[in-house]
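Hi there,

Here is the structure I promised to pass on to you. Could you have a look at it alongside my notes?

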Amino acid sequence: MSLSDTIAAIATAISPQQGGVGIVRLSGDRAVAIAQQLFHAGGKQVWESHRILYGYVKHPVSKTIVDESLLLLMKAPRSFTREDVVEFHCHGGIMAVQQVLNLCLEQGARLAEAGEFSLRAFLNGRIDLTQAESINDLVGAKSAQAAQSAIASLRGKLAQSLKYLRGKCLNVLTEIEARIDFEDDLPPLDVEWVKAEVKTVSQESQQILATADRGELLRTGLKVAIVGRPNVGKSSLLNAWSRSDRAIVTDLPGTTRDVVDSQLVVGGIPIQVLDTAGIRETEDVVEKIGVERSRQAAQSADLVLMVIDASVGWSEKDLEIYETVRDRPVILVMNKIDLVPCSSEQESLTPSPSPHGRGEQDYIFTPPLLRERGLGGEGIPIVKTAASQQQGIEDLEAAILRCIHQDAISAANIDVAINQRQKACLLRVVQSLANVQIAIADQLPLDFWTIDLRDAISAIGEITGEEVTESVLDQIFSRFCIGK
């Protein structure tokens, strides 16, 4: 990769008959010259920075019109990459944008590598590394909360906090090194001030570090598998939850033959819900494959919703299914509760209230068949639903959020959420600062204090990009799309 090249790429998603506009983006010294070769603006339109021109893209030799388009010119340094940037706003679809891109490449541009526009913005000082990563997070956001978290980082909220902490560490390092080099010319080092500064940076680093799990949830989401015997209402539950007819519902057991998935958002967390085939012994070859896929889906899920027919109650077949998923987090969903007479609710349907003490609608209990066999531990969260009547869905979502500790996440009220790379660096920061505190407590020479202090400074710099290797940059930007 060379920053002296002019790069080009399609900057919008393209597919047949999808999208009204497709954008081809160029960045580099020859971006304007290439645009002038291809774009013909009618009348007396002026080629000025940050002005939109209307005209036609024509083949430079045959003069054949390739597309009617708009052209946006952004001269350096007032552009995303701080280079000359040109965008052709073409008709959407495949052919128009692909032909315009090909013409740009024929005129001397090079096809951009993955994330190269954002990489140039970083290398040219337009954004820092946390902002660059937030661009990719924003493009891939699966929920409004994920997008808001990415925007907060894009606006520099995470970088601002980290640079403040790095500045504190640098100040402490400067004071310590000054005493090492000019001990006789300076007053004694204020050790209590050093201890206070190091403690402050460590505590604030741990606060940021605490957002890592939230960040992982916002970015990757949660995989939830709905399992149970045939005809207990798994597909009805999925349809009621997703407010659609994603799954076929009949009174015939074994209707669902394969895993059906739906993408939902619960409390800002993206959730992939997998409706599985009813688990039972069967001689039907197709259904047998579906049952095996159900078991695999349950084992790969982050959370299992085990559905029980409330009108039938807990059975030996349910126990067998529970045995296959008991190593996963499980919520028991007592469905068809509308078919159970209030006067004859079974013991398995009247568990003790949840010990959370906040009046939740879910309960914690151990079904009798589990108690008899010493299974179930402290009990399983239970939610009562009537999927066919659209009842109990809010209670189910509340139970899921409690399972992933969403209450604690919301209470934190933190705008940004770090990713796994940033988490690894911050763990180094916290450990290095802990080593500094140990060195101070053990009254080791000042040189020992500086070793771990420098490592903390370096680790924060790796997050913001102030100290980063080319291999790390390659790893980060290779996950971007080509047009970003």
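Below are my notes on the helix packing, the cores and one residue.

A word on the basis first: this is a predicted model, in which local features need pLDDT of at least 70 and side-chain atom pairs count only at pLDDT 80 or more, while totals for chains, interfaces and linings use all residues. Residues are numbered from 1 along each chain as its sequence is written, and side-chain values use heavy atoms, with hydrogens and water left out.

The protein has 17 helices and 14 strands, taken as DSSP runs (helices H or I, at least four residues; strands E, at least two) and numbered from the N terminus. Of its 484 residues, 48% are buried (under 20% relative accessible area with a 1.4 Å probe, protein chains only; exposed is over 50%, partly exposed in between).

Now to a helix pair. H6 (residues 157–181) packs with H16 (residues 446–464) at about 155°, the axes being 9 Å apart; axes are lines fitted to C-alpha atoms over the stretch in contact, and angles run from 0 to 180 degrees between N-to-C directions. H6 and H16 are therefore roughly antiparallel (an angle over 145 degrees). Among the residues making the contact (heavy atoms within 4.5 Å) are Leu-162, Cys-169 and Leu-173 of H6 and Trp-449, Leu-453 and Ile-457 of H16. By class, this contact has 14 nonpolar, three polar and six charged residues (nonpolar: Ala, Val, Leu, Ile, Met, Phe, Trp, Tyr, Cys and Pro; charged: Asp, Glu, Lys and Arg; polar: the others, Gly among them).

The largest nonpolar core (buried Ala, Val, Leu, Ile, Met, Phe, Trp, Tyr and Cys residues joined through side-chain atoms within 4.5 Å) has 32 residues, and Val-194, Leu-426, Leu-433 and Leu-453 have the most contacts inside it. Two or more residues each come from H6, H7 (191–209), H15 (420–441) and H16, with H15 giving the largest share, eight residues. Leaving out residues up to four places away in sequence, Leu-433 touches Cys-169, Val-198, Val-201, Ser-202, Leu-453 and Ala-456. A second, separate core of 30 residues includes Ala-146, Leu-218, Ile-226 and Leu-305.

Finally, Leu-154 lies in helix H5 (residues 144–154). Its relative accessibility is 29%, so Leu-154 counts as partly exposed. Beyond its neighbours within four places in sequence, Leu-154 contacts Gln-131, Ser-134, Ile-135 and Leu-138.

Best wishes

Terms used: Angles under 35 degrees count as roughly parallel, over 145 as roughly antiparallel, 65 to 115 as roughly perpendicular and the rest as oblique.
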